[in-house]
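Please look through the structure shown below. The paragraphs after it lead from one residue to the helices, the cores and the aromatic rings.

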Amino acid sequence: MKSLRNTLQDRRLNAAAGALILWVALAPWIWGYASSPAAVASHVFFIFAFGPLTFLIAVLRPAAYVVFAAGLWLAASPWVLGYALDHSAWLSELVTGALLSVVAASAAGISVARLTSARRKRRRGTTATGS
């Protein structure tokens with residue numbers, strides 16, 4: 001049975017992801033890059049494709065991994081789709097994509113601190129045995 005603490009954490013993750021998706025939906029008009037057809041098409045596709053998944057990241061780990069990848073795509077999309085000349089566009093996409101990836105990674109159980117400490121342990125073990 002899930003504890004109350006885990007349930008509250010799941011709700012926070014869903015709320016954070018939902019807020020970020022709402023931001024993705026409104027950002028082109030708020031920051032003024034809605035005149036770019038590539039940006040608007042990317043946002044519309046992103047909202048319809050990944051919006052519903054953001055509410056499932058706390059209960060379905062595969063959904064969290066998909067949203068993690070979607071956040072990386074969102075961060076890279078201004079350069080890939082060619083609307084990175086607008087400073088507000090690429091800055092908004094980069095920050096929002098990074099935040100969405102962090103929220104999804106947290107829901108998926110990916111811990112950057114754990115990954116870096118494991119890497120350090122492997123390096124120490126390699127250098128100790130290699131000497």
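**A walk through the model**

Setting aside neighbours within four places in sequence, S42 makes contact with W73, S77, L81 and Y83. The model is a predicted one. S42 sits in helix 2, which covers residues 37-54. With a relative accessible area of 8%, S42 is buried, because buried means under 20%.

The nonpolar cores come next. The largest of them has 17 residues. Those with the most contacts inside this core are F46, I57, A64, V67, L100, V103 and A107. At least two residues of the core come from each of helix 1 (4-31), helix 2, helix 3 (61-81) and helix 4. A64 can be followed further: leaving aside neighbours within four places in sequence, A64 is in contact with I57, A104, A107 and A108. Another core, of 5 residues, lies apart from the largest one, and its members include A27, A39, Y83 and A89.

Helix 4 allows a check of its length. This helix runs over residues 87-108, which is 22 residues. What span should be expected at 1.5 Å a residue? The expected span is 1.5 Å times one less than the number of residues, so helix 4 should span 32 Å. The C-alpha atoms at the ends of helix 4 are 31 Å apart, which agrees with that figure. After helix 4 comes G109, whose phi is positive, near 90°.

The aromatic rings remain. How many aromatic pairs does a search of the whole structure find? The search finds 5. One of the pairs is formed by W23 and W31, with 6.3 Å from centre to centre and 80° between the planes. This pair counts as edge-to-face, because planes over 60 degrees apart are classed that way. W23 is partly exposed at a relative accessible area of 29%, and W31 is partly exposed at 44%.

F45 and F50 also form an edge-to-face pair, with 6.3 Å between the centres and 90° between the planes. Is each of these two residues buried or exposed? F45 has 52% relative accessibility and counts as exposed, whereas F50 has 17% and counts as buried. The reason lies in the cut-offs, because buried means under 20% and exposed means over 50%. Ring pairs also bring in F46, so that F45, F46 and F50 are linked into a cluster. F46 has appeared above as one of the residues with the most contacts inside the largest nonpolar core.

Terms used. Residues numbered from 1 in each chain as written. Predicted model: local features only at pLDDT ≥ 70, side-chain atom pairs only at ≥ 80, totals over all residues. Heavy atoms only, no water. Phe/Tyr/Trp six-rings, centres within 6.5 Å; stacked < 30°, edge-to-face > 60°. Buried < 20%, exposed > 50% of the residue type's maximum accessible area, 1.4 Å probe, protein only. Helix = DSSP H or I, 4+ residues; strand = E, 2+ residues; numbered from the N terminus. Contact = heavy atoms within 4.5 Å. Core = buried A, V, L, I, M, F, W, Y, C linked by side-chain atoms within 4.5 Å.
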